[in-house]
Every structure is written in C-alpha cells, then in structure tokens.
Amino acid sequence: MTKIFTNDISFHEQWFLQYAARECAKEQEDPAPLDLKIRHTQTVFAIARRIAASVSFTPDQTRACLLAALYHDMARFEQYLQYRTFKDKESCNHGLLGVKILKREARLAEEGAVVQRMVLAAVGLHNRFALPAGLPDKICRVAHVVRDADKLDILRIMAEHLSGQAPYKPTVVLNLPDEPALCGAAVLKAAVEGRVAAYCELRSVNDFRVLLGTWFFDLHFQSSRRQFIEDGHAARILTALPDAPPYGTARKLLLKRLGAK
Ligand SMILES: [Fe+2]
C-alpha cells in the first residue's frame, strides 16, 4: 500500500459529491434538507482545513482531519432517507452509521492504518456530548478539529434560523417551545460557570440560545475561538435573549466573554 502524505484529498471530495448527488436523487419530496448537508459538509471541511493549518500536526493528523471533516456527516443522507429526520434519538446514531458507510464503501482502503484509525474515531465520535476518557491524544486532537469545525458551522445555520433569515422550522430548534417563561436552570448555571450546557437540560428556545453561546467553552483551538467571536453568530443569537432575569446574567456574561456588549 502506498502511504499518502499530501493534503490533497480532491479524489475524496469528488467521490463525496457524487455520493451525495446519488443520495439526493433518491429523495422524492424535498431535497432541500439534504442539499443543506452538502453545504454544511463543505463549510466544515474548509474550517477544519484552516484549524489544522493553524497547529502543528503530523502529516497523518492533517490528512485525517480533512478526511474526517469531509466524511463526518456522510450518514445524514441515508439517515434522512430512511427515517425522515436528522434526530439521532428518533432514528440512529449518525456518527456510528457514518463509520459503517465508510467501511462499506471502502473509502479509506488506500489510507495508512494510522490515518484510518483517526478518521474512523473522529467520524464516530463527532456527535458525542464529550469524547470518551482515555482516547489517545493524537486521535483526540483530530476529533476536536472536526467537532470545533462542526460547531462553528452549526452556529451559522442557527443564527440564520433564529434571526428570521431562514424559514422558521420548529425541528431546527428541536421543537422546543418559544416560551420566555420556560427556563432551564441547569443551562443558565452552566453558562455562568463557563461550562458547555447539555441538550437534555433545554426547556425553551431561549435556553437553546444560551446553549449555543456556551459552545465557546468547548472549543479546543485558538483559531476556533477566534472564528467563533469574529463570525459574530453567537453574539447575534445571544443579543436576542431578554436582558432581564432569568436570562440577563447569562446573557451579559456570555456576551462579555465574546467581546460584545
Ligand atoms: Fe453530524
């Protein structure tokens, strides 16, 4: 087997686009949700490339970052076609399904064993709340690149949605009620303590806004944190929170952390 050290994965990019087009063509009703996943993948890929270039990675790690970013959501197509939802809880774990598809399609057959291991781990773990303890540092770093890049682009999608730029779809905000009186105390506590909040603690759309702001505390690279602030998506999402209790304190602290008012 030839060991490939270059950062050129254009062959994989072409394959992914063909695969995505083939899967999209199977959608009889509305291909828009799947089209969005193609754009999401391309953006995550570009962000991951930037992050990987900003740190000192081995060639294997850099290549694994690019491949894992490109393939991280490849299961979204089959998931949606089979279950009509992107919610893992109501369908399947799309990270693990992605690993299965990568193996089934022999996408990593030409890669070295180290790259294969890193890519499969990063794809399989990209959608977990946290990485498992004991994961080797080299793999952790690759997984963190994909997870950071994923968060940065989800934030863009959420900002478009929550600011009314995109047609409002309750499913995008996990069908949470847009009810100012409903507030998840644990979400606010996490924000005030500088921790990432958990999905299971959400009670309303405003909680979701806070949760997205707390993602700042779960970024692992300087360039990710810089982009999180510079993009301005989080600040826009947080500014729409009520200034008064119970959200006022979390709103103020998070915006201050992001350098916004
Ligand atoms: Fe994903």
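These exercises work through the fold of a predicted model, from the whole chain down to one helix.

**Exercise 1. Determine the secondary-structure make-up of the protein.**

Step 1. Count the elements: there are 12 helices and 0 strands.
Step 2. Read along the sequence. The pattern is α-α-α-α-α-α-α-α-α-α-α-α.

**Exercise 2. Decide whether the radius of gyration agrees or disagrees with a compact globule.**

Step 1. Take the chain length, 261 residues.
Step 2. A compact globule with that many residues would have a radius of gyration near 18 Å.
Step 3. The protein has 19 Å, so the value agrees with a compact globule.
Step 4. Add the dimensions. Along the principal axes, the C-alpha atoms fill a box of roughly 60 × 45 × 30 Å.

**Exercise 3. Describe burial, contacts and surface.**

Step 1. Apply the burial cut-off, under 20% relative accessible area. Of the 261 residues, 50% count as buried.
Step 2. Take the contacts with a separation of 6 or more. Residues 24 or more positions apart account for 67% of them.
Step 3. Turn to the surface. The protein exposes about 12,600 Å². Carbon and sulfur atoms supply 56% of that area.
Step 4. Count the charges: 36 positive and 29 negative side chains. The centres of the two sets lie 5 Å apart.

**Exercise 4. Place helix H4 in its surroundings.**

Step 1. Locate H4 at residues 75–83.
Step 2. List its buried residues: Ala75, Arg76, Phe77, Glu78, Gln79 and Tyr80.
Step 3. Find their partners. These buried residues pack against helix H1 (10–25), helix H2 (32–54) and helix H5 (94–104).
Step 4. Check the residue just after H4. Arg84 takes a positive phi of about 60 degrees.

Notes
Residues numbered from 1 in each chain as written. Predicted model: local features only at pLDDT ≥ 70, side-chain atom pairs only at ≥ 80, totals over all residues. Heavy atoms only, no water. Buried < 20%, exposed > 50% of the residue type's maximum accessible area, 1.4 Å probe, protein only. Helix = DSSP H or I, 4+ residues; strand = E, 2+ residues; numbered from the N terminus. Contact = heavy atoms within 4.5 Å. Rg over C-alpha atoms; globule rule 2.2 N^0.38 Å. Areas by Shrake-Rupley, 256 points an atom, 1.4 Å probe, with all protein chains shown as cover. Lys, Arg positive; Asp, Glu negative; His and termini not counted. Charge placed at Lys NZ, Arg CZ, Asp CG, Glu CD.
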